[in-house]
Amino acid sequence: MEKASLRIDKDARVASIDERLYGSFIEHLGRAVYTGIYEPEHPTADGQGFRGDVLALVRELKVPIVRYPGGNFLSGYDWTDGIGPRDKRPTRLDLAWKTIEPNEIGIDEFHDWAKKAGASVLGAVNMGTGTPKDAGNLVEYCNFPGGTRWSDLRRENGHRDPLGIKTWCVGNEMDGAWQICHLDAADYGKKARETAKIMKWVDDSIELVVSGSSSSKLPSFPEWDRIVLEHAYEYVDYISLHQYYENFGNDADFLASFHNMDRFIKTVCATADYVKALKRSDKTMMLSFDEWNVWYQRRQEPHDWARAPALLEDRYSLLDALVVGGLGITLLNNADRVRIACLAQLVNVIAPILTEPNGRVIKQTTFYPFRDLSRFGRGVALRAEARAATIETTHGDAPTVTAAAAFDEEARELTVFVLNANLSAEVALELDLRSFGKIEMTGRSVLAGPDLGAINTFEQPNAVVSADVAVEQGAAGMFSPKLAPASWNVFRFSVGK
Ligand code: AHR
């Protein structure tokens, strides 16, 4: 049997974990909003038309922050279309996804939905067709107490108190030729800088995310990031990264996607640190990985100016869920620089939650690793580098066993997440937790199975679920669990004082 070892030292801290690492994303795209989070005719809908069955699952995921309203949609969106009396709101063409946008949901309603979900809003301003002034007006509308044109309009529209949106993305994927009013790096860098100045003048308590590369595969990466930061470094707090993974036919390569994500993060850090040095700045730029997931981009459906068509509704397999687990581990291991991350997206559109219009809701396979990470990946991230065999993949030599650890010092709870990326062999793990002193395993769950292609359907919603398994105690802080082939493993421990 293959062997691996993992020693976790309670003093080897990566960083205190920002809970926003478990953020997600709702875009005006396909059925994310309409028949996703919002469907007034649905039997579980509340007084505002929000689906209760969906809200319950979002709460189960403990998502702390949700990016809104896009995405590519953002770059053609006029936020004023989505405020005020519904019957006066315009119906528009959404040029990003070639659909019809009825504007029944806007920033006021989304704020209320997020509050019900227990999340805050990661706002976003349009840097495509939008101007710096529009962005400032939106911040005024959302965050200024009152007595001005936009803040008073918010009060008239039902929110006496400011919405208090504290973090904002300055545009979306402005490096992409597909973006509405795409810019080159210098033009975007200047526009982002001037927009950031206005936004922070309106509310100096906000934090801003500048648009970095929308894929490490783009030829403009990492030059784009360098140039944008050279223009905007002093005015922003985070640079964004986006990356999606898909299976091009080799499961081992696909499972090693985490290795590629790690390299992407490290390269963006190096680029940002170069600009920091160039500018003799004391500020370290943090990262917002505000779009990440598995996405089968080659399976795009043709559609034609429909309202809320079923777009990007990938059905996720067990293998996809394992990949999501590996990516989550990588985010946690980079928690010193990645402060915000958004699983893209949350409902229906490449999402862990899938609804039927006027019908049922299910948890996709990817729901489980994301829920485990969000629930238990809190506190302090500790170094967790496993010694394991490596396999040659298109992402380089990747370890077959990869892990992350989160220690909640107050609750004295340690969680160790382990992905066994070995597709065919069980791995005997030697888990050394001696530095914690008195320690006891209190829970263990596994997501694995004989069919990596298995998915959850409305007829068989529990075909792939993560299962609790019996705990095995170790001797004097040493544990020896066996990891099933291709498995996502969560180990929970209680640590004595
Ligand atoms: O999440 C789907 C799309 O992916 C987003 O609209 C865009 O930002 C990215 O290309």
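1. A polar contact is taken here as a pair of N or O atoms within 3.5 Å. The model is a predicted one, and the distances below are to be read with that in mind.

2. Asn 72 meets this cut-off through its main chain: a backbone N or O atom of the residue lies 2.9 Å from an oxygen atom of the ligand. Glu 173 makes its approach with the side chain, where an N or O atom is 2.7 Å from a ligand oxygen. For Tyr 244, a polar side-chain atom lies 2.8 Å from an oxygen atom of the ligand. On its own the ligand has 290 Å² of accessible area, and the protein covers 95% of that.

3. The site of the ligand is the largest pocket. Around the ligand are Phe 25, Glu 27, Gly 71, Asn 72, Trp 97, Asn 172, Glu 173, Tyr 244, Glu 291, Trp 295, Gln 345 and Ile 350. Sorted by class, this shell holds five nonpolar, four polar and three charged residues.

4. Gln 345, one of the residues around the ligand, deserves a check of its backbone. The peptide bond leading into Gln 345 from Ala 344 is cis, with omega near 5°. Gln 345 is placed in the loop between strand S13 (338-343) and strand S14 (353-355).

5. A second cis peptide bond to check joins Tyr 68 and Pro 69, with omega at about 10°. Pro 69 belongs to the loop between S4 and S5.

6. Aromatic contacts come next. The count of aromatic pairs is 17. In one of them, Tyr 68 and Phe 110 are stacked, at 3.9 Å centre to centre and with 5° between the planes. Tyr 68 lies in the loop between strand S4 (65-67) and strand S5 (92-94), while Phe 110 lies in helix H2 (residues 107-117), so the pair ties together parts that are 42 residues apart in sequence. Tyr 68 thus appears both in this stacked pair and in the cis peptide bond with Pro 69.

7. Which residue other than glycine has a positive phi near 60°? The residue is Cys 181. Cys 181 is located in the loop between strand S8 (167-170) and helix H5 (185-202).

8. For anyone going through the model by eye, the places to visit are the polar contact of Glu 173 at 2.7 Å, the cis bond from Ala 344 to Gln 345, the cis bond between Tyr 68 and Pro 69, and the positive phi of Cys 181.

How values were computed
Residues numbered from 1 in each chain as written. Predicted model: local features only at pLDDT ≥ 70, side-chain atom pairs only at ≥ 80, totals over all residues. Heavy atoms only, no water. Near = heavy atom within 4 Å. Polar contact = N/O pair within 3.5 Å; in protein donor to acceptor, adjacent residues only side chain to side chain. Areas by Shrake-Rupley, 256 points an atom, 1.4 Å probe, with all protein chains shown as cover. 1 Å grid on protein atoms, 1.4 Å probe; cavity = no way out; pocket = protein on both sides within 12 Å on 5 of 7 lines; lining within 4 Å. Sits in = over half its atoms within 2 Å of the grid points. Nonpolar A, V, L, I, M, F, W, Y, C, P; charged D, E, K, R; others polar. Phe/Tyr/Trp six-rings, centres within 6.5 Å; stacked < 30°, edge-to-face > 60°. Helix = DSSP H or I, 4+ residues; strand = E, 2+ residues; numbered from the N terminus.
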